[in-house]
Amino acid sequence: MEIQKNQRIEYIDALKGFAIFCVLWGHSLQYLKNGYDFLHNPVFEFIYSFHMPLFFVISGFFFRSSLKQSFKDFLYKKSIQLLLPCIVWALVFYITGLLTAIVEGNEHLFSNWIEDLKQILFPARWVWFLKDLFVSYFFVYVFLKLLKKKWLACVLSMSAVLVLPFCEMQRAYLPMFWAGVYLKDNYQFVLKYAKQTLI
């Protein structure tokens, strides 16, 4: 089965929808007010065993079009697509937190503006996925452009995240992103041997 340009792959769309549903379900379980420890909920454990890696694999699957762009265009497009929503939502959560603190009479508002700024620019919660997805795109783009050989770019980019101090999440998710890149590059082979591969 050849993939035509701009042709949607329906089961990939369905997979994305399923992954989004899993995120919503997993987060809903966290806020049930029944006193149950959600971390030991079997449904929560199942969802969190695969749902974020799945997003990175799917993103890597569609990465190739980014290589056709200049570095400037790539950086601009991915910043608007991933970093801008990340910062906007971080601001929304931060302002909501401030308003809650004001209502509750918290007297330590703005006590550490540097930490507050870091929360907005480098959010650790809620929208971390967008930030880390941007980092994955950036690493794969830069290493492929510099090295040309895919296997070398893959090995060196994953080695880099092992030593860089700000890439803890990438140690888990960059290999998933690369798996998506390789999956797309070997798509016909995977389709041909899909049953054997799944087994």
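## A tour of rings, a patch and a buried acid

Start by selecting Tyr-76, which you will find in helix α4, spanning residues 71-103. Keep in mind as you go that this is a predicted model. Tyr-76 counts as exposed because its relative accessible area is 60%, and the cut-off for exposed is over 50%.

Now extend the selection to Ile-80, Leu-84, Val-88, Trp-89, Val-92 and Phe-93. Together with Tyr-76, these residues form a nonpolar patch on the surface, and their accessible area adds up to about 670 Å².

Next, pick Lys-78 and show the ring of Tyr-137 with it. The charged end of Lys-78 sits over that ring, 4.1 Å from the ring centre.

Time to look at the rings themselves. How many aromatic pairs does the structure hold? There are 21 of them, and two make good stops.

For one of these, select Phe-61 and Tyr-187. Their rings meet edge-to-face, with 5.6 Å from centre to centre and 70 degrees between the planes. This pair links distant parts of the chain: Phe-61 belongs to helix α3 (residues 51-61) and Tyr-187 to helix α9 (residues 187-192), 126 residues apart. Are these two rings on buried or exposed residues? Phe-61 has a relative accessibility of 3%, so it counts as buried. Tyr-187 is buried too, with a relative accessible area of 7%.

For the other stop, move to Trp-178 and Tyr-182. Here the aromatic pair is tilted, at 6.1 Å centre to centre and 45 degrees between the planes. Both residues lie in helix α8 (residues 170-185), where 4 residues, about one turn of the helix, set them apart. Colour the two by accessibility: Trp-178, at 1%, counts as buried, whereas Tyr-182, at 27%, is partly exposed.

Before leaving this theme, go back to Phe-61 and add Lys-184. The charged end of Lys-184 sits over the Phe-61 ring, 5.0 Å from its centre.

Then select Phe-55, Phe-56, Trp-128, Phe-129 and Tyr-173 as a group. These five residues make up one aromatic cluster. Leave Phe-56 highlighted, as it reappears at the last stop.

Finally, select Asp-132 in helix α6, which covers residues 128-147. Which residues does Asp-132 touch, leaving aside those up to four places away in sequence? The contacts are Phe-56, Met-169 and Gln-170. With a relative accessibility of 5%, Asp-132 counts as buried, because buried means under 20%.

Conventions:
Residues numbered from 1 in each chain as written. Predicted model: local features only at pLDDT ≥ 70, side-chain atom pairs only at ≥ 80, totals over all residues. Heavy atoms only, no water. Helix = DSSP H or I, 4+ residues; strand = E, 2+ residues; numbered from the N terminus. Buried < 20%, exposed > 50% of the residue type's maximum accessible area, 1.4 Å probe, protein only. Contact = heavy atoms within 4.5 Å. Patch = residues over 30% accessible without salt bridge, like charges linked within 9 Å, V, L, I, M, F, W, Y side chains within 5 Å. Areas by Shrake-Rupley, 256 points an atom, 1.4 Å probe, with all protein chains shown as cover. Salt bridge = Lys/Arg side-chain N within 4 Å of Asp/Glu carboxyl O. Phe/Tyr/Trp six-rings, centres within 6.5 Å; stacked < 30°, edge-to-face > 60°. Lys NZ or Arg CZ within 6 Å of the ring centre and 35° of its normal.
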